[in-house]
Amino acid sequence: MRIGVVTFPGSLDDGDAARAARIAGADVVRLWHGDPDLHGVDAVVLPGGFSYGDALRCGAIARFAPVMETIIDAARGGLPVLGICNGFQILCEAHLLPGALTRNQHLHFRNRDQFLRVESTGTAWTNSFTAGQEILIPVKNGEGCYVADERTLDQLEAEGRVVARYIRGNPNGSQRDIAAITNEAGNVVGIMPHPEHAVEALTGPSLDGLGFFTSVLRALAGASAGANAGGHQS
Amino acid sequence: MARVVVDVMLKPEILDPQGQAVANALPRLGVNDVSSVRIGRRIEIEFVGEPDLDRAREIADKLLANPVIEDFAIHVVDDAAAEVV
């Protein structure tokens, strides 16, 4: 399975995201913001960082990068896409996910290991977890406060689209402690904390982040088995 | 030459922690009669030819403002008039 990791000008965590996908067992393809070709990848990770220096709003410029035009179309067609931190901001700016990420309410950059509760295991990126599982992964953001109107928040809750919530402390003021959400189809997930930094004992607070990457491999294997059963060549 | 000015503001229901921080600092300047400060962004656009308000509106809606959290207002500023001000 081929997982593409996009590099924008100002991306920081593309290397770690690629490494995490590799450790999970994927073939990693590095994608470039200026190249609209996805090079046949089966899933895409939009990494953390400060694409285009966060000019205007976080993710606002990256959303119009040539690679994003292709990713937006492919995501609407079911391609699994995980946006981490700045990647989450880009997915909101691209309207693949509802709401927006705003300045942390306390105005401080927060950088710490953070407990989350996985709320939805029905997505392409969280099927390896159990519902209600508590995980520990790093969070590091200045503009991670998730906001949306009440109707959207209620809809996310009712449809089981809140993927993870902050527990034992909300690091940025996000409404309803939301740390991660998904789209209606469950193939697009945005998460503010960084699973790619929690995949090895040497550098991470846990190995909990690996589950996001093994999940998508499992989802893809399931999809490809289904396609083969249906008589298609994968 | 005329410029198109786009003013982008957070929607009233969106918390503005930067504005609050400024409001909280004002008493240190001896200012005690300010109840609220909200911070926005002013963007000036110069077209090659005549200012095109419709195009400016499209640019503002697609890129300059995020309609999920922000409102924008557009007006044309004549540089000659602006200098008088």
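**Exercise 1.** Which residue is the bridge partner of A:G4 in strand 3 of chain A?

*Solution.* The model is a predicted one, and the exercise begins with two of its strands. Strand 1 of chain A, residues 2-7, is joined to strand 3 of chain A, residues 43-46, by three bridges, and these two strands run parallel. Looking along strand 3 of chain A for the partner of A:G4, we arrive at A:V44. In general, the strands of a sheet pair through backbone hydrogen bonds, in either a parallel or an antiparallel way.

**Exercise 2.** Work out why one side of strand 2 and one side of strand 7 of chain A are left without a neighbour in the sheet.

*Solution.* Begin with the order of the strands, which in this open sheet of nine strands in chain A is 2-1-3-4-11-10-9-6-7, with mixed pairing. Strand 2 (27-32) and strand 7 (134-141) of chain A stand at the edges and have a single partner strand each, so one side of each has no neighbour in the sheet. From one strand to the next, the twist averages 25°.

**Exercise 3.** Decide for A:H39 and for A:Y52 whether the residue counts as buried or exposed.

*Solution.* A residue is buried if 20 or more other C-beta atoms lie within 10 Å of its own, and exposed if 12 or fewer do. A:H39, which is found in the loop between strand 2 and strand 3 of chain A, counts as exposed because it has 11 C-beta neighbours inside 10 Å. A:Y52 lies in the loop between strand 3 and helix 2 (66-76) of chain A, and with its 21 C-beta neighbours inside 10 Å it counts as buried. As a further step, look at the backbone: phi is near 50°, a positive value in a residue other than glycine, for A:H39, and phi of A:Y52 is near 50° as well. Most residues other than glycine have a negative phi.

**Exercise 4.** Describe the sheet of chain B and the helix that lies across its strands.

*Solution.* Three strands of chain B form an open antiparallel sheet in the order 2-1-3, in which strand 2 (41-45) and strand 3 (70-78) of chain B are the edge strands, each pairing on one side only. Strand 1 (residues 2-10) and strand 2 of chain B pair over five bridges, and B:V4 has B:I45 of strand 2 as its bridge partner. Helix 2 of chain B, residues 53-64, lies across strand 1, strand 2 and strand 3 of chain B, and runs at about 150° to strand 3.

Conventions
Residues are numbered from 1 along each chain as its sequence is written. Chains are lettered from A and ligands numbered from 1 in the order in which they are written. This is a predicted model: local features need pLDDT of at least 70, side-chain atom pairs count only at pLDDT 80 or more; totals for chains, interfaces and linings use all residues. Two strands pair if DSSP finds at least two bridges between them. Helices (H or I, at least four residues) and strands (E, at least two) are DSSP runs, numbered from the N terminus. Axes are lines fitted to C-alpha atoms, for helices over the stretch in contact, and angles run from 0 to 180 degrees between N-to-C directions. Two residues are in contact if their C-beta atoms, placed from the backbone, lie within 7 Å.
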